[in-house]
Amino acid sequence: MELTAHPEQARYRQHQAHWPFCRTAIERWRVDGSTIPVAVYDLAWTYTGAQTFVHQLADLFQTYNRVLWEHFPYCSACGGQCCVVDASDVRTFDLLALALLGETPPVLPAWLDAGRRTCIYLTSGSEPPRCSWPERWRTVKCWSFYCLGSKPLAKGADVGESYRMLTAALASIVEERLPQPLRRYEGVANEQLSVRLEDPVDFSNTIHRALAAIFVDPFMQCYPIASLAVEPPEATPNLFLLEDEVTDFIVAAMVELDDDRAGSAGDLLAKQQLWEDLATLSWIVENRPATARRQLHELVQRHAQAQDFDLGHRLHSQLLHLLAVWQ
Ligand code: SF4
Ligand code: SF4
């Protein structure tokens, strides 16, 4: 599709417009050779110190993702279905990190591989589709995101236990490899970052809050650049667009369930549960409660082990898609 027709094109333009300011500010810092003190965290940033910090963070997240892709079956079976519209969540720190690593954000062609539901940065020309961000730095959000995938779990698998095993493995990497400046943040804020891993989007947002406090805000006081808006106004229509699709799915699924009253007592119970979950999903989309992410998370867990109903699998895919973009 044409770049100008993609739902994320305004946000992409914003990233492109913001990038030269980030790169120039980092370059000025390199030339100045100044030190940026952050007294509250007992930090004194130098250009090379910040480069080391970004390398350590990249190392942490690369190890985190190796565990996700090589030690658990979910991502390798699913192949990246979280690369959807609104999922990338590019922030100022991501662009500063690229500049410190000597990398650049992707420049997209006028004609995109991505469809209107996929992330604008996904290139589907290769098989499997690949992210066009540099391998040395994906966004904090993309690097943090995990789930149990879109394939049904083994029959009888305990979903809660599967989540606990996955988050425990990821938490041990975060705890082992967290760079010193973020440990200082943990000490001052009296908050352990890995505890937030239960919800990967919350974890990513918490990491960004910490990065803003220890580095981004002090850096921008010395080398002023405007902050990249976290939620530009264009984001909301994208979510609405997705919600319209979810609403259409709910209506069609309820009709399908209503038409299919056959089956054993066990089947009927499962269908009753599906009906209730569709109603819950409809309520979440309509009312956007503060607890939406937690409720979506619970529904995803329940339907990760949907074995017997194709409809359960399709509901699980819709839920994953919503969860990947709902901030
Ligand atoms: S990993 Fe790349 S393609 Fe996937 S959501 Fe993030 S930026 Fe987009
Ligand atoms: S949707 Fe979940 S399982 Fe699939 S690649 Fe993304 S994080 Fe992994």
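This is a short dialogue about reading a predicted model, from its two ligands to its core and a few single residues.

Visitor: Let's start with the ligands. Which residues surround ligand 2?

Guide: To read a ligand site, list the neighbours, then ask about their chemistry. Around ligand 2 you'll find Tyr74, Cys75, Cys78, Gly80, Gln81 and Cys82, along with Phe145, Tyr146, Cys147 and Gly149.

Visitor: And how many of the residues in that shell are nonpolar, polar or charged?

Guide: The shell around ligand 2 splits into seven nonpolar and three polar residues, with no charged ones. Bear in mind that Cys and Tyr count as nonpolar here, while Gly counts as polar.

Visitor: What about ligand 1, which residues are around it?

Guide: Ligand 1 has Cys83, Ser88, Cys119, Tyr121, Leu122, Cys131, Trp133 and Cys142 around it. By class, that shell has seven nonpolar residues, one polar and no charged.

Visitor: Where does ligand 2 sit?

Guide: Ligand 2 sits in the largest pocket. The space taken by ligand 1 is the largest pocket too.

Visitor: One of those neighbours caught my eye. Is Cys119 buried or exposed?

Guide: Look at the relative accessible area: under 20% is called buried. Cys119 has 8%, so this residue is buried. Cys119 belongs to the loop between α4 and β3 (122–123). In space, its C-alpha is 6.7 Å from that of Asp86, a residue 33 positions away along the chain.

Visitor: That same loop holds Ala110, I think. Is Ala110 buried or exposed?

Guide: Ala110 does lie in the loop between α4 and β3. With 62% relative accessibility, Ala110 counts as exposed, because the cut-off for that word is over 50%. Its C-alpha is 5.9 Å from that of Glu2, although 108 residues separate Ala110 and Glu2 in sequence.

Visitor: Now the interior. How should I read a nonpolar core?

Guide: Nonpolar side chains tend to be buried together in soluble globular proteins. In this model, the largest nonpolar core has 96 residues, and Trp29, Phe93, Trp137 and Phe215 touch the most other members. Helix α2 (residues 47–71) gives the most to this core, with 11 residues. Both domain 1 (3–222) and domain 2 (235–325) contribute, each with at least three residues.

Visitor: I'd like more pairs that are far apart in sequence. Which residue is paired with Val38?

Guide: For such pairs, set the sequence separation beside the C-alpha distance. Val38 pairs with Asp217: the two are 179 residues apart in sequence and 9.8 Å apart in space, C-alpha to C-alpha. Val38 sits in strand β1 (residues 36–38), and its 7% relative accessibility makes it buried.

Visitor: Where does Gln301 lie?

Guide: Gln301 is part of helix α11 (residues 292–304). Its C-alpha is 7.9 Å from that of Leu148, with their positions 153 residues apart along the chain. Gln301 is partly exposed, having a relative accessible area of 22%.

Visitor: Last topic: backbone angles. What is the phi of Asp42?

Guide: Here you check the sign of phi and whether the residue is a glycine. Asp42 isn't a glycine, yet has a positive phi of about 55°. Asp42 is found in the loop between β1 and β2 (43–45), and with a relative accessible area of 59% it is exposed.

Visitor: And Asp89, where is its phi?

Guide: Asp89 has a positive phi near 50°, again in a residue other than glycine. Asp89 is in the loop between α3 (74–78) and α4 (92–101).

Visitor: Is Asp89 buried or exposed?

Guide: Asp89 counts as buried, at 4% relative accessibility. So we have a positive phi in Asp42, which is exposed, and also in Asp89, which is buried.

Notes
Residues numbered from 1 in each chain as written. Chains lettered and ligands numbered in written order. Predicted model: local features only at pLDDT ≥ 70, side-chain atom pairs only at ≥ 80, totals over all residues. Heavy atoms only, no water. Near = heavy atom within 4 Å. 1 Å grid on protein atoms, 1.4 Å probe; cavity = no way out; pocket = protein on both sides within 12 Å on 5 of 7 lines; lining within 4 Å. Sits in = over half its atoms within 2 Å of the grid points. Core = buried A, V, L, I, M, F, W, Y, C linked by side-chain atoms within 4.5 Å. Buried < 20%, exposed > 50% of the residue type's maximum accessible area, 1.4 Å probe, protein only. Helix = DSSP H or I, 4+ residues; strand = E, 2+ residues; numbered from the N terminus. Domains from an automatic or database assignment.
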